[in-house]
Amino acid sequence: IIFYTKRIHTLCNNGQTEKALKMLRLMEDTNNLVPDAVTYNTLIKGLCNSGQLELALQLVHQMQAKGCSPNVITFTTLIHGLSTAGKVDSALQLLGHMGRYGILPNTITYTALIQGLCSVGELDKALEVLSHMTALGGDCAPNVVTYSQIIHGLCKGGLCDVGFEILHEMRLRGCRANRVTYTALIHGLSQVGDFSRACVLINQMVAMGSQPDKITFNAIIDGLVKAGDVDHARDMVGAMWASGAAPD
RNA sequence: GGGCAAAGUCGU
C-alpha cells in the first residue's frame, strides 16, 4: 500500500491525476488493498493542484463510504486548495464542518485559510484569524510561516506598516523571523520605493543570523530598477556577489 | 523515527 501510495504521489506531482485515480482503482479492485488516509490525501492534493476541486471533494465522500475517516491533513489540504482557488467562503465553510468529524484545525489549517483571505484582499479578516490563533495557542499558535505569509499579504495590499507591526508582534511572542519573513517585507518596501527601510531590514536580518539570498536581492533589485535607480541596482548586484549569492 | 498538508523575488 505504501508502494502504491508513492506511485500515486509521483503521478500527481506530474499532473497525471487520471492515471493516479486509475491506480487507486487498481489497488482496490485487482489487488484487494485498502487505501488509507495517506493514499486519499495524496490524491486529494493532486486533484486540488490540478484545479479539480469537485473531484477532490467527491473523493472525501468516497473515502468515508469505504470506512476511511478524513483527518486534519485531509481538511487542511482541501482548505488550502479552496483558498488557492479563491473560494474562501467554501474554505471557511469547510473549516466549520471539521468539528462534526471530531477534527480540530491546527496551525497549518488556519495558515492555509489566511492565505486565501489575503489573496482575495480580506486582510482585516486575515488579521482576525491571526488573533484568534494567538488566543487559541498550542496547536493553533501562529508560527513563522503564518507570520511570513500574512506579512506578505499585507505588503501586497499596500499595508507595509501593518507588516512591520506584525514583525514586532512575532518577536514579542518569541517567534524568530527568518529569511522568508524578511524578504516578504523587504519586497513590499522596495515596491513602494522605501529603500531606506528595506536596507535597515537587510542589516537587521544579517544581525539576526539570516543571510539574504538570491531571492532577497532580486526583490530589492527589482524595486530599484522599477524606480529607475539603475546605479543602486548595480551596487546591489555587487553586494550580492559579496555575500556569496550568484546573480542569475 | 514509516507514504500525505501551509510562507518570500523576477522570469508572459
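In this predicted model, Tyr4 is buried, at a relative accessibility of 14%. The value falls below the 20% limit, so Tyr4 is placed in the buried class. Phe3, by contrast, is exposed, with a relative accessible area of 54%. The count of aromatic pairs comes to 2. Phe3 and Tyr4 form an edge-to-face pair, with ring centres 5.7 Å apart and 80 degrees between the planes.

Phe75 and Tyr101 also form an aromatic pair; their ring centres are 5.3 Å apart and their planes stand at 55 degrees, so this pair is tilted. The pair links distant parts of the chain, its members being 26 residues apart. Phe75 belongs to helix α5 (residues 72-84), whereas Tyr101 lies in the loop between α6 (88-97) and α7 (107-119). Phe75 is buried, at 4% relative accessibility, and Tyr101 is partly exposed, at 37%.

Helix α5 also holds Thr74. This residue is buried, with a relative accessible area of 1%. The side chain of Thr74 makes a polar contact of 2.6 Å with the side chain of Asn41 and another, of 2.9 Å, with the side chain of Asn71. When neighbours within four places in sequence are left aside, Thr74 is in contact with Asn41, Ile44, Val60 and Met63.

Asn41, a polar partner of Thr74, also takes part in the surface near RNA strand B. A polar side-chain atom of Asn41 lies 2.5 Å from a base oxygen of the strand. For Asn218, a polar side-chain atom is found 2.9 Å from a base oxygen of RNA strand B. In the case of Thr216, an N or O atom of the side chain is 3.3 Å from a base nitrogen of RNA strand B. Two or more residues of the surface near the strand come from each of the elements α1 (2-13), α3 (37-49), α5, α7, α9 (144-156), α11 (179-191) and α13 (214-226).

Around RNA strand B there are 35 residues, of which Ile2, Asp36, Asn41, Asn143 and Thr183 come nearest. By class, the residues of this surface comprise 19 polar, 9 nonpolar and 7 charged. On the RNA side, sugar or phosphate accounts for 39% of the atoms of strand B within 4 Å of the protein, and bases account for the rest.

Note on methods. Residues numbered from 1 in each chain as written. Chains lettered and ligands numbered in written order. Predicted model: local features only at pLDDT ≥ 70, side-chain atom pairs only at ≥ 80, totals over all residues. Heavy atoms only, no water. Phe/Tyr/Trp six-rings, centres within 6.5 Å; stacked < 30°, edge-to-face > 60°. Buried < 20%, exposed > 50% of the residue type's maximum accessible area, 1.4 Å probe, protein only. Helix = DSSP H or I, 4+ residues; strand = E, 2+ residues; numbered from the N terminus. Near = heavy atom within 4 Å. Polar contact = N/O pair within 3.5 Å; in protein donor to acceptor, adjacent residues only side chain to side chain. Nonpolar A, V, L, I, M, F, W, Y, C, P; charged D, E, K, R; others polar. Contact = heavy atoms within 4.5 Å.
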